[in-house]
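Here are my notes on this model, point by point. Please read them with the coordinates open.

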Amino acid sequence: MKTDTTAPATSRVRKTETPGRTFPRRDWTKQAPGRRGAGSYTVVAAVTVFVLAFLAPFLIILVNSFKTSADYRANGSLSWPEQWNWSILGDVWERVDFTQKLVNSIQISLGVVVIAVVLALFNAYAIGIGRIRWRTAFLVFFLGVNVLPQEGLVYPIYYLFKELGLYDGKLGYTILVGITYSAFGTYLLSSVFSTFPRELIEAASLDGAGRWTILWRIVLPMSWPTLSVMCVFFFVWSWNEFLYPLVLLISNDQQTVPLGLSVMQGQYTSDPTAMSAAALLGVIPMIVFFLVFQRSLTRGLTAGAVK
Amino acid sequence: MKTTRHRRSTGYAVFLAPGLLLSLLFLVVPLVMTFYYSLTAWQGIGTPVFTGLDNYTRLFQDADFWASFRNIAFVIVGIAIVPTVLGLFLAALLFDYIGKKHGDGIVSVFRSGLYLPQVIPVAVTGLMWGWILAPEGAVNSILDTIGLSSLVQNWLGDPGLALWVVLGVLVWMQLGYPLVLFLSGLQRIDPELYEAASLDGASWWQRFTRITVPILRPEVYVVLVTTTIAGLKVFAQIFVLTGGGPGNSTLVPAYFAYQNFFERADVGYGSAISSTITLLVLVIAGTMLTRQAREDG
């Protein structure tokens, strides 16, 4: 999900101001866990049940990915497997050539991250720090480009990519998605840079640092917290793209993980546990990614969504 | 002074050049082409024949097009409104009740659990739900087991029901986004405010409606804007769950455009559909962002 956000920097600045408050909120929240009654445990239990029910679909595909077809037909989708059978996952892995799909998705997502972040950094450097003329107009342009629906662009892109020989190749696709995300990155970084301490830049410039030096030595290191969050988000977005790869990456050795797996759709009746295993294979990489980058994901989403 | 500033700013403009140029080439050129195609009859091969507004006249008389817009209203309910309301309620419950009595640890476990569907590819969650909702799938097994066999049905195959089921799946996919934003917004609340309200005898519900909801107004606004726009563009969810069917009962404009582009080779008509959505998205985004900018001063 794309979010229109504004300066993470501002919220961070505000946080550093809070220690001066008379009622530090940490202390206050920690005092509270004294007044637990039976009622509060009931509420916790109710929410726990809700969250577990919410996550039940994951559990259901987990148990069914290990059942043989015979086990599934005999016991239905809700029982534990008679024995944990890894061969179904293995079969699906081979059938969709999952290794190749993983390699494709990783290559593409990393490429997208690099292209999007570098372009956004340059754009935002000109707009937020260089304060070039018509910067508001440029910002509005990137904002507008950022909300464009892909279905409004996809056919001409499909046509042009065919003409240019970029169709069904990772290169053109990666560049396209990278540029698409760079619009959002430009918007986000520009507002971060608009609060950048100007004394630093002026001091460096008096010391004779050129614009490139200022960008690499001062701006880049200082905006790393925002950039790293952007990297995580662009990676996830790119991994999860659907319409563009559906249209632009059609052959087996170019496809990404989600698209490669969705070919299993409709094979339900013939092979139910294989389809479950396909869903499981698709879920696992992002769960791992989520566990590793959880902090960046939640912080990035919230950091600057609101001024 | 003026000349130095001017020189400085032209120096920085070099940094904007690649990004701007690539955006124009890869995003604006296709946009203009789509607008142009929408005024032509074209099958994707040969030369487009200019037909003026014919595609649009046809569009406004097309029952499928209106059905797709009616369905979009449902989608926006499922993607924007229900998750926002549910998210407000859950965020307040987690922050103001569970967090205070049982600590932040358990809150972040709940939050992570509810956010998880947001990072899984839609194609994969669609595959998963398609499997669970299939005629022989898990939902029907559960109903059988607990003795409600009369409710067993083809959840995504019934024209009267499919849209509601899709709406439910959308809520499931989307809930984590407002929840995470709201929970972080609540960090802003002055704890003394809640305490004072409690001392004055305000109930949980009163604190919710008088403190929590007004304070979260900016987050609610952001969530509604971004998810409404996402709702207008919705494609993957429909593609993987129902393919727009049965009939046109879950058809959405983006999928309708896709069908015309790639299944019916009616590129001109598909372009008219997608141009209409694009304009609508730009107008809505423009209005909402101008309003927000005005409020921020």
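1. Start with Asp266(B). In this predicted model, the residue sits in the loop that links helix H13 (253-263) to helix H14 (267-296) of chain B. Asp266(B) has 18 C-beta neighbours inside 10 Å, so it counts as partly exposed; a buried residue would need 20 or more. Its partner to look at is Gln43(B). The two are 223 residues apart in sequence, yet their C-alpha atoms are 5.2 Å apart in space.

2. Check the backbone at Ala265(B). This residue belongs to the loop between H13 and H14 of chain B. Its phi is positive, about 50 degrees, although Ala265(B) is not a glycine. Is Ala265(B) buried or partly exposed? Partly exposed, because it has 13 C-beta neighbours inside 10 Å, and the exposed class takes 12 or fewer.

3. Then go to Ala41(B), in strand S1 (residues 40-41) of chain B. Beyond neighbours within four places in sequence, Ala41(B) is in contact with Val49(B), Thr51(B) and Gly268(B). Ala41(B) and Asn55(B) are 14 residues apart along the chain, with 7.9 Å between their C-alpha atoms. With 15 other C-beta atoms within 10 Å, Ala41(B) is partly exposed.

4. One peptide bond needs a look. Which form does the bond from Gly245(B) to Pro246(B) take? It is cis, with omega near -10 degrees. Pro246(B) is placed in the loop between helix H12 (236-241) and H13 of chain B.

5. Now the overall form of chain B. It holds 14 helices and 2 strands. The radius of gyration is 24 Å, whereas a compact globule of 297 residues would have one near 19 Å. Along the principal axes, the C-alpha atoms fill a box of roughly 80 × 75 × 30 Å. Of the 297 residues in chain B, 46% count as buried. For contacts in chain B with a separation of 6 or more, 72% come from residues 24 or more positions apart.

6. Confidence next. Chain B has an average pLDDT of 89, and 96% of its residues score at least 70. Residues 1-7 of chain B fall below 50 in pLDDT, and this stretch makes 0 contacts in the model beyond near neighbours in sequence. For the whole model, ipTM is 0.89 and pTM is 0.88.

7. Chain A has a positive phi to check as well. Asp168(A) has phi near 60 degrees, a positive value in a residue other than glycine. It lies in the loop between helix H8 (154-164) and helix H9 (170-193) of chain A. Asp168(A) has 17 C-beta neighbours inside 10 Å and therefore counts as partly exposed.

8. Helix H7 (residues 135-147) of chain A passes a length check. Its 13 residues should span 18 Å at 1.5 Å a residue, and the end C-alpha atoms are 19 Å apart, which agrees. Which residues of H7(A) are buried? They are Phe138(A), Phe142(A), Val145(A), Asn146(A) and Val147(A).

9. Last, helix H10 (residues 198-206) of chain A. Of its 9 residues, the number buried is 0, so this helix lies largely in the open. Gly208(A) follows H10(A), and its phi is positive, near 95 degrees.

Note on methods. Residues numbered from 1 in each chain as written. Chains lettered and ligands numbered in written order. Predicted model: local features only at pLDDT ≥ 70, side-chain atom pairs only at ≥ 80, totals over all residues. Helix = DSSP H or I, 4+ residues; strand = E, 2+ residues; numbered from the N terminus. pLDDT = per-residue confidence, 0-100. Contact = placed C-beta atoms within 7 Å. Rg over C-alpha atoms; globule rule 2.2 N^0.38 Å. Expected span 1.5 Å × (residues − 1).
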